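Subject: Handing over the structure

Hi,

Here is the structure I promised to pass on to you. Please open it alongside this email, and then read on for what I found in it.

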Amino acid sequence: MSWTWEYVFGAEEAARTAPPAFLTEIERKADELVRAAEALYLHGPTHGGDDPKGGDVVVPGGMFGYQIVVRSERVFVVQITYLGF
């Protein structure tokens with residue numbers, strides 16, 4: 001298995017109507033989160049501790065919330081908020 005990210009819950013539905021430039025920024029930041037998690041948790045599937053606390057990331061146009069699940073080697077984008085700024 002290898003680290004990746006994906007939209008889940010309502011974020012997937014919201015992404016269908018969000019502007020492409022906004023989604024590009026989310027994808028760029030999500031890729032950065034994946035690289036950081038991959039470097040920090042080298043043996044994800046055998047991780048025995050708790051998953052780290054998720055967070056929010058501000059991007060041009062809005063923000064998104066994420067959660068890292070180490071044993072699945074995934075960064076889940078759980079919410080996106082387009083504000084248009």
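A definition to begin with: two strands count as paired if DSSP finds at least two bridges between them. Helices (H or I, at least four residues) and strands (E, at least two) are DSSP runs, numbered from the N terminus.

A word on where this comes from: it is a predicted model, in which local features need pLDDT of at least 70 and side-chain atom pairs count only at pLDDT 80 or more, while totals for chains, interfaces and linings use all residues. Residues are numbered from 1 along each chain as its sequence is written, and side-chain values use heavy atoms, with hydrogens and water left out.

The overall picture

The protein has 2 helices and 4 strands, and from the N terminus on they follow the order β-α-α-β-β-β. The C-alpha trace spans about 40 × 20 × 20 Å along its principal axes. The radius of gyration (taken over C-alpha atoms) is 13 Å, which agrees with the value near 12 Å for a compact globule of 85 residues; the globule rule is 2.2 Å times the number of residues to the power 0.38.

Of the 85 residues, 39% count as buried. Here buried means under 20% relative accessible area, exposed means over 50%, and partly exposed is in between (1.4 Å probe, protein chains only). The protein exposes about 5,100 Å², and carbon and sulfur atoms supply 55% of that area; accessible areas come from the Shrake-Rupley method with a 1.4 Å probe, and for residues only the protein chains shown count as cover.

Contact means heavy atoms within 4.5 Å. Among contacts between residues at least 6 apart in sequence, 58% join residues at least 24 apart.

The strands β2, β3 and β4

Strand β2 (residues 55–59) runs antiparallel to strand β3 (residues 62–69), and 5 bridges join them. One pairing to look for is Asp56, whose bridge partner in β3 is Gly65. The hairpin of β2 and β3 has 2 residues between the strands, and Gly61 in this hairpin takes a positive phi near 105 degrees.

On to the next pair: β3 and strand β4 (residues 74–82) are antiparallel too, with 8 bridges. Gly65 turns up again here, standing opposite Gln79 in β4. This hairpin has 4 residues between its strands, and Glu73 in the turn has a positive phi of about 50 degrees.

Two residues in strand β3

Phe64 has its place in β3 and is buried, with a relative accessible area of 1%. Leaving out residues up to four places away in sequence, Phe64 touches a list of residues including Ile26, Ala30, Leu33, Val57, Val77 and Ile80. Gln79 is also on that list; Phe64 and Gln79 are 15 residues apart along the chain, and their C-alpha atoms are separated by 5.4 Å.

Ile68 is found in β3 as well, and this residue is buried at a relative accessible area of 10%. Apart from neighbours within four places in sequence, Ile68 is in contact with Trp3, Ala37, Asp51, Pro52, Arg74 and Val75. From C-alpha to C-alpha, Ile68 and Leu33 are 8.8 Å apart in space, with their positions 35 residues apart in sequence.

Phe9 and Glu73

Is Phe9 buried or exposed? Phe9 is exposed, with a relative accessible area of 70%. This residue lies in the loop between β1 (4–7) and α1 (10–15), and has a positive phi of about 55 degrees although it is not a glycine.

Glu73, in the loop between β3 and β4, is not a glycine either, yet has a positive phi. Glu73 is buried, with a relative accessible area of 5%.

One more place to look

Pro20 sits in helix α2 (residues 20–40) and counts as exposed at 64% relative accessibility. Pro20 and Arg74 are 54 residues apart in sequence, and their C-alpha atoms are 23 Å apart in space.

Happy browsing, and do write back with any questions.

Best wishes
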